[in-house]
Structures are given as structure tokens and as C-alpha cells.
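User: I would like to learn how to read a model of several chains, one feature after another. Could you take me through it, giving the general idea before each case?

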Amino acid sequence: MTPIAQALEARAAALEAELQRAMNARQDPQANGAYSSEQIKSLQTELARLTSMMQDAIRKVVGDAPINRGKVKLDLPPLIDNGNVVPLSVSVDSPMTPTDYVKAIHVFNEKNPQPNIVSVQLGPRAGRASISTRIRLADSQTVTAIAQLADGSFWQTTQDVIVTIAACAEEIS
Amino acid sequence: MARAVVTVPPRAKRGEIIEIRTLVGHRMETGFRHDSLGRPLARDIVTQFVCTYNGTEICRAELFPAISANPLFTFTTIAVESGTLEFKWTGDNNFALNETASITVE
Amino acid sequence: MIARVVLPLVAAFLPMSSGAQMAPEDRRSGYEFMSAETRAMQDDEAANPATLWLLDGEALWIRKDGRADVSCAHCHGDAATTMKGVAARYPSFDLKLERPLDLEQRINACRTDAQKAAPLPFESRELLALTTYVARQSRGMPIQINVDARLQPFLDRGRNAFEQRQGQLNISCAHCHEQYWGRKLAGNPIPQAHPTGYPLYRLEWQSVGSLQRRLRNCLAGVRAAPYPFGAPELVELELYLMWRARGMKIETPAVRP
């Protein structure tokens, strides 16, 4: 992790802890110095801006290039039977000609211990920019798919999913 | 022991876009789990998948622990000529597996 | 796990007995409680991870083994013909041992008696592969457990096991699977517990597993000590569950969440 990402992670952790205290205080009628709704809202907003692990992983791939929204279609069931096996499909709107094609598709997640999911190198031989696989999700979270086109541009789309039974939680027996 | 299942249409028309499905048997141990005594279980995953079509690489994927066990991977390619598709999986602990499929292109 | 919190609350409000069984027309396979994506995984052999075990089973079927150095195929020929309908009739009464055996035990009995080979350990990849392969040959066929006077006492014990309260949580199988099927437990709908697709690929296990593995998970779930693999109590419960599911179609190898 880059030093900047580490610092961001630490800030995010501190925010989470403070948010937890704020939520606990709200539920305890005897707590003093309870947080107001506005204070909680601003904590939540700052935390949301700091989903740093995923952003850091995305920056490693994309560099400083701007990421456009669109062209990418991400198919994930919104509500998932079991986080261990979540069907995922990514397709990109591209003619896949020798000059205008998708070079790569990268998929990231927000709350697993590791931000990367899969990176696929394609080319005009693919005919269609369309891949499917099955992934693990540890919690309800946002999944991001980024397409890298031959002209050097990046396009992304995101989807929120709800996971009730997290991956890798079964006890080994 | 069967370790992979690849599904490629046996015949296709020249220029047709075909779908290729691959399924490889692998536990994909993430490296983030612990056993019942709290000891960490070492990561053991497939890290790379490469497909070549008569020797030319047509798809390459880098896999991470977030891929489910027994990874399924589906992609497409243009049926350009008859020949052989080769599938190669590699991973931790010197994991290496090859599979092939033939296609007749009219 | 959330079950630790939910189940004690549930147990507190359940009535003493739940003797009534569901009407045959109300029975639904676990397939119907799954999402469309999981159902698609079961239906498509190219995407069903259990296919890997099926292929292993196919290879094991023709592999010579044991001191007798014969394969399953030596006596049973082409499994697609000879094993058709077999899994739909198991557990079945074994004349020599005078008790019911499930399919895994039957395969091991063949190994020791005919192949003169060591039995395969329960839940080993090889036994699962062979059982999946054999059971697959009955896919689409209705479960047919015929209970005669010899099987009746075992069936009765299985039924009692299904209906009795047990474990620290003090609930019975019937509470969840007869009374509360369709309602949610930890976010997932509770199915009716018809073992139509075993051995099956469970997403939670990320592997193929047997019905006994599932039953042991359930027992652990109500905080009862699970019987060891191969225990007669588990076979009796399997017998009752298969009898309860009679007429429903075999789906092996199924996929379940």
C-alpha cells in the first residue's frame, strides 16, 4: 500500500471508530454528549469518500488518467444467496475492431480483505468484450468494473450488492 | 482425476463469435482464513489463466483470492480458423494445468 | 453466526409438538428457494462445479482396484444403464447386515466384498465422486422408497429423530422444515429439507458434499452433538427424509446455497 493510502486507511479507521461510538451513544438514552444527526451525517460522508483500499488499487491500474462513466455493463445479482459464489458478468460497449477495442477489464471490490477481483487482457480477437466468472464477497458492498480501451481511455461502472451470508465464514470442520 | 472442463463449440462458421466456458477444479484458498485453532491457512490460488488459439494468445486473466473456488471463466473469441485452443492455468505452489479443445471452422 | 441469536428466540415460541406432516402437493424442492443464478448453475453442466466430481467418478468407475483387481464396470458394466434408478431407491435394506444402508455405504460394501479393497473414507473426494456419478444416473427419476415390515422400524426411528426436539436450542428438524419453511433464517429462505440432489455442490462448502455432511451441519446448528459419519442414526434419518420426499425427482448433482 502506498504511504498516502496507508494514511487514508488510518483516517478511515479512526472515522469508523468514532462513528461506532456515535451510533452507540444514540442508542443509549443515558449517554452524555450524544452526536446530532448532522454530525453523524458528516462523519459518514467523510468515511464514504475514503473507501481507500479500492481507490488505491484502482489508481495503481489507471494512474492519473480520468475515469469516464459509461460503456461498461456490470451484471451482479442485487441480492445474493451466498457470498462465496456470486456470478459476475462484465461487458463493454465496443466494436472490437483492430483500432477500437477493449484492451483490458479490471474488477475491484470495496470490502473484501483484498481490493482486486480479476484483470482480463482482451483484444480485437475477442469479437465481444464480455466476460463472466464467479466471485466471493465478504459483505454488502460496491463492486467496480473498469474497462481500458485501446485509445488509452478508462471507463467504469459500479454496482452495490447486498450479501447476507459472507464468503469464507464457514468453520473448517 | 478431472481437473478442468472446457466447453467450446465443436464447429463454427468463419467469423462467428463463439463463447468459451472454462471450469477448473481448485480450492482457491484465500490466505485470509484461519483453521479452528486460529492458525492462518496459507494462500493457494490459481493466479493466471491464458488461452491460445493455434498458438496466438486470445485471452489472459489474472485471478485474485476473490475468485470463488472451482473458478468458472467465460469469454468470447472470433472463430478464425480450424485448429486447437489451448488453456493454461498456473498458480501458487507451482500449480499448472493444461487443457485443449479442437474446433472446426467452416 | 446469526443463527446463534435467531434460533433461541424462535425456539422460545414454538409449540410442544409438530406432528402434522406437509401435504404431498405442498412439497417443493430446495431448487425453488434459490435465486435464478444459482438455479442456472445447477442446470448447466458446463457451469456446475459438481461436474468436476462427476468426471472423477466416471474415471473411478472403470479403474481396477483392490486385491480382486476389478473395476465397478467389471460387474456393473455401463453405469448409465445399470445404475439408472438406483439412487432413487436408497437408503435400501441390506439383507446381510439386516439394516438399511445409504448409497455411500453400499459403494463401500461393494469395494470390500467384491473388489476386496479398503472402504473409501466418508466425505473423501473419491467416495463423493463415485456416489455423485452413480446418483447422477437417476437424475430426473422419482424417488421411490418402498417400506416393508423390515424397513418400518428404521423408518419410525428416522421419523422420531426428525420430530424430536434436540440440542441446546431444543428444536426439531420439523420446526424449521415443516412449520417454518419459506421463512427466513439469516437472510436465506428455509427449504423443506428434501434430499433430492445429493451429493451436491454447496456454495457454502465450495465443494461437493454428502447428505450426511449436511445433516451433521444441521445438528451442529441446533447445538446437538453430530453423529459420526456412517452412524445408524444418520442413515435412519436419511431413510425418513428420502421416504418423505418420495415421488420428487432426483436432481443430482444439485447446487445449493
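Analyst: Let us begin with a helix and its surroundings, keeping in mind that this is a predicted model. The general idea is to ask which residues of a helix are buried and then what lies against them. The buried residues of H3(C) pack against S1 and S3 of chain B, and also against H7, S5 and S6 of chain C. Those buried residues are Ala50(C), Thr51(C), Leu52(C), Trp53(C), Leu54(C), Asp56(C), Gly57(C) and Leu60(C).

User: How many residues does helix H3 of chain C have, and how far does it reach from its first C-alpha to its last?

Analyst: Helix H3 of chain C, residues 50-61, has twelve residues and reaches 16 Å, which is close to the 16 Å expected at 1.5 Å a residue. For the general background, an α-helix has 3.6 residues a turn, so residues three or four places apart point the same way.

User: Which residues are buried in helix H10 of chain C, and what covers them?

Analyst: In H10(C), which spans residues 211-221, the buried residues are Leu211(C), Gln212(C), Arg213(C), Leu215(C), Arg216(C) and Leu219(C). Their cover includes S6 of chain C and helix H11 (232-244) of chain C. After H10(C) comes Arg223(C), whose phi is positive, near 60°.

User: How should I read the packing of two helices, for instance at what angle H6 and H7 of chain C pack?

Analyst: One reads the angle between the axes together with the distance between them, and then turns to the residues that make the contact. Helix H6 (residues 103-113) and helix H7 (residues 125-136) of chain C pack at an angle of about 110°, and their axes are 10 Å apart. Angles of 65 to 115 degrees count as roughly perpendicular, and H6(C) and H7(C) are therefore roughly perpendicular to each other. On the side of H6(C) the contact is made by Leu103(C), Glu104(C) and Ile107(C), and on the side of H7(C) by Leu127(C), Leu130(C), Thr131(C), Val134(C) and Ala135(C). By class, this contact has six nonpolar residues, one polar and one charged.

User: And a sheet: in what order do the three strands of the open sheet in chain C stand?

Analyst: With a sheet, one looks for the order of the strands, the sense of their pairing and the strands at the edges. Here the three strands stand in the order S6-S5-S7 (chain C), forming an open sheet with mixed pairing. Strand S6 (207-209) and strand S7 (255-256) of chain C are at the edges, each with a single partner strand, so one side of each is left without a neighbour in the sheet. Strand S5 (residues 200-202) of chain C runs parallel to S7(C), the two being joined by two bridges, and Arg202(C) stands opposite Arg256(C) in S7(C).

User: Which strands of chain B pair with S3 of that chain?

Analyst: Strand S1 (residues 4-7) of chain B pairs with S3(B), residues 17-24, in the antiparallel sense over four bridges, with Thr7(B) opposite Arg21(B). S3(B) is also joined to S6(B), again antiparallel, by seven bridges, and in that pairing Thr22(B) stands opposite Phe73(B).

User: Where two chains meet, how many residues of chain B are in contact with chain A?

Analyst: The count on each side comes before the elements that supply it: 25 residues of chain B are in contact with 27 residues of chain A. Strand S5 (56-63) and strand S6 (72-78) of chain B each supply at least two residues of the side that touches chain A, and the largest share, seven residues, comes from S6(B). That side of chain B divides into 15 nonpolar, six polar and four charged residues. Pairing also crosses between the chains, since four bridges join strand S6 (residues 116-121) of chain A to S5(B) in the antiparallel sense, and Val120(A) has Ala61(B) as its bridge partner.

User: Is Thr77(B) buried or exposed?

Analyst: A residue is judged by its neighbours, 20 or more other C-beta atoms within 10 Å making it buried. Thr77(B), in strand S6 of chain B, has 24 and is therefore buried. Leaving aside neighbours within four places in sequence, Thr77(B) is in contact with residues that include Arg125(A), Ala126(A) and Gly127(A), as well as Ile18(B) and Tyr53(B).

Notes
Residues are numbered from 1 along each chain as its sequence is written. Chains are lettered from A and ligands numbered from 1 in the order in which they are written. This is a predicted model: local features need pLDDT of at least 70, side-chain atom pairs count only at pLDDT 80 or more; totals for chains, interfaces and linings use all residues. Two strands pair if DSSP finds at least two bridges between them. Axes are lines fitted to C-alpha atoms, for helices over the stretch in contact, and angles run from 0 to 180 degrees between N-to-C directions. Angles under 35 degrees count as roughly parallel, over 145 as roughly antiparallel, 65 to 115 as roughly perpendicular and the rest as oblique. Two residues are in contact if their C-beta atoms, placed from the backbone, lie within 7 Å. Ala, Val, Leu, Ile, Met, Phe, Trp, Tyr, Cys and Pro count as nonpolar, Asp, Glu, Lys and Arg as charged, and the others, Gly among them, as polar. A residue is buried if 20 or more other C-beta atoms lie within 10 Å of its own, exposed if 12 or fewer, and partly exposed in between; C-beta atoms are placed from the backbone. The expected span of a helix is 1.5 Å times one less than its number of residues.
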